[in-house]
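Thanks for coming. I have one structure today, and I will go through the metal sites, the ligand and then a few backbone details.

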Amino acid sequence: MLTIAIEAAKEAGKFLKYSVGRVKNIEVKQGEERNLVSEIDKGSEAKIIGIIKRHYPHHAILAEESGASDTSSDYKWVIDPLDGTTNFLHGLPIFCVTIGIEYKGEIVAGVVYDPNTEELFTAEKGAGAYLNGKRLKVSTSTTLIGSLLVTGFPYDIAQNPDNAIGHFVNFVVEAQGLRRLGSAALDLSYVAAGRFDGFWEVNLNPWDMAAGILFVREAGGRVTDFAGAESTIYKKQVLASNGAIHDSMLRILSKGFAR
Ligand code: IPD
Ligand code: CA
Ligand code: CA
């Protein structure tokens, strides 16, 4: 299955890269003025689902643009055909394809493919996480002042700014550096690769995190909600770190949204 996920992610990724600057139809999603979708998101998703269905016609699918299939199966493919849509639409080369494979409710394999850097992140539960075939290990930083952190802002930030801005302000004065790349799947992949020491975000969807959470765990990191409880891809809070700075990050997140 991982081989098929890789084939689908690469095929879709090539299409995304080719499509930069060729977008014809941009729509706003569900009345959220910042949440955009184009025919390229949909085309990428159709390619991925086509490949999966050819090999596993009876598996269930949960995909960002077409939703949940009505198939009942122990296997569910959780797909974001373009993570980093806003970047993509501006021609900023920070976006990817991400696919997670769930078995009986647990993510057992995942892939993230970045067509701009040709970086392919993969993992199978219990067998480690890899970047272009090289085993990944989270960073060894033990302090926030020695850490490079990353976060993202939800599309409803104008309606609910404290969710993201309060935590951002609290972290920016504690960390060595703080980034906002615009692709949650790459943020998580980079924590697994040791490029970032920690990542948090609110209101992500299962497809943003399905592969990335597995990468972080398989690379030796820790993933929880903001209260320190084990995270799943269906929770609305995610904190992923190298493990060593996790409690320090939980302490900052517990300060809440005071500005
Ligand atoms: C978004 C990106 C972004 C995150 C948003 C996501 P999309 O996904 O992952 O980094 O901050 O919350 O919705 O819409 O580009 O697939
Ligand atoms: Ca996404
Ligand atoms: Ca998307």
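Before the metals, a word on what counts as coordination: a donor is an N, O or S atom within 2.8 Å of the metal, or within 3.2 Å for Na, K and Ca. Water is not among the atoms, so sites may look incomplete. Also keep in mind that this is a predicted model.

With that in hand, the two calcium ions. Ligand 3 and ligand 2 are both calcium ions, they are 3.7 Å apart, and Asp80 coordinates both. How exposed or buried is Asp80? Asp80 has a relative accessible area of 1%, so it is buried, the cut-off being under 20%.

Take the calcium ion that is ligand 2. Its donors are Asp80 (OD), Asp83 (OD) and Asp208 (OD), at distances of 2.1 to 2.2 Å. Along the chain these donor residues follow the spacing D-x2-D-x124-D. Asp83 belongs to strand S5, residues 75–83, and Asp208 to helix H6, residues 206–218, so this pair ties together parts that are 125 residues apart in sequence. Both Asp83 and Asp208 are buried.

Now the calcium ion that is ligand 3. Here the donors are Glu64 (OE), two OD atoms listed for Asp80, and Leu82 (O), at 2.2 to 3.1 Å. The spacing in sequence for this ion is E-x15-D-x1-L. Leu82 is buried as well, with a relative accessible area of 2%.

Next, ligand 1. Which residues come closest to ligand 1? There are 16 residues around ligand 1, and the closest are Asp83, Gly84, Thr85, Tyr155 and Glu201. Asp83 is thus on that list, and Asp83 is also a donor to the calcium ion, ligand 2. By element, S5 gives the largest share of the shell around ligand 1, with 3 residues.

For polar contacts, I have three to show. An oxygen atom of ligand 1 sits 2.6 Å from an N or O atom in the Glu201 side chain. A ligand 1 oxygen is 3.0 Å from a polar backbone atom of Ser183. A ligand 1 oxygen is also 3.2 Å from a polar backbone atom of Gly182. How much of ligand 1 does the protein cover? On its own, ligand 1 has 380 Å² of accessible area, and the protein covers 95% of that. The space that ligand 1 takes is the largest pocket.

Moving along the chain, helix H5 covers residues 184–192. Of its 9 residues, 9 are buried, so H5 is largely enclosed by the rest of the structure. If you want to click through them, they are Ala184, Ala185, Leu186, Asp187, Leu188, Ser189, Tyr190, Val191 and Ala192. Just after H5 comes Gly194, which has a positive phi of about 80°.

That brings me to other backbone angles. Lys104 is not a glycine, yet its phi is positive, about 45°. Lys104 is in the loop between strand S6 (96–103) and strand S7 (106–114). Is Lys104 buried or exposed? Lys104 has a relative accessible area of 58%, so it is exposed, the cut-off for that being over 50%.

Asn132 is another residue other than glycine with a positive phi, near 45°. Its loop is the one between strand S9 (129–131) and strand S10 (134–135). Asn132 is partly exposed, at a relative accessible area of 48%. Gly133 is in the loop between S9 and S10 too, and at 63% relative accessibility Gly133 counts as exposed. From Gly133 to Thr122 is 11 residues in sequence and 8.1 Å in space, C-alpha to C-alpha.

Last stop is Glu230, in the loop between strand S14 (222–224) and strand S15 (237–241). Glu230 is exposed, with 56% relative accessibility. Glu230 and Val173 are 57 residues apart in sequence, and their C-alpha atoms are 27 Å apart in space.

To go back to the point I started from: Asp80 bridges the calcium ions, ligand 2 and ligand 3. That is what I have.

Conventions. Residues numbered from 1 in each chain as written. Chains lettered and ligands numbered in written order. Predicted model: local features only at pLDDT ≥ 70, side-chain atom pairs only at ≥ 80, totals over all residues. Heavy atoms only, no water. Helix = DSSP H or I, 4+ residues; strand = E, 2+ residues; numbered from the N terminus. Buried < 20%, exposed > 50% of the residue type's maximum accessible area, 1.4 Å probe, protein only. Near = heavy atom within 4 Å. Polar contact = N/O pair within 3.5 Å; in protein donor to acceptor, adjacent residues only side chain to side chain. Areas by Shrake-Rupley, 256 points an atom, 1.4 Å probe, with all protein chains shown as cover. 1 Å grid on protein atoms, 1.4 Å probe; cavity = no way out; pocket = protein on both sides within 12 Å on 5 of 7 lines; lining within 4 Å. Sits in = over half its atoms within 2 Å of the grid points.
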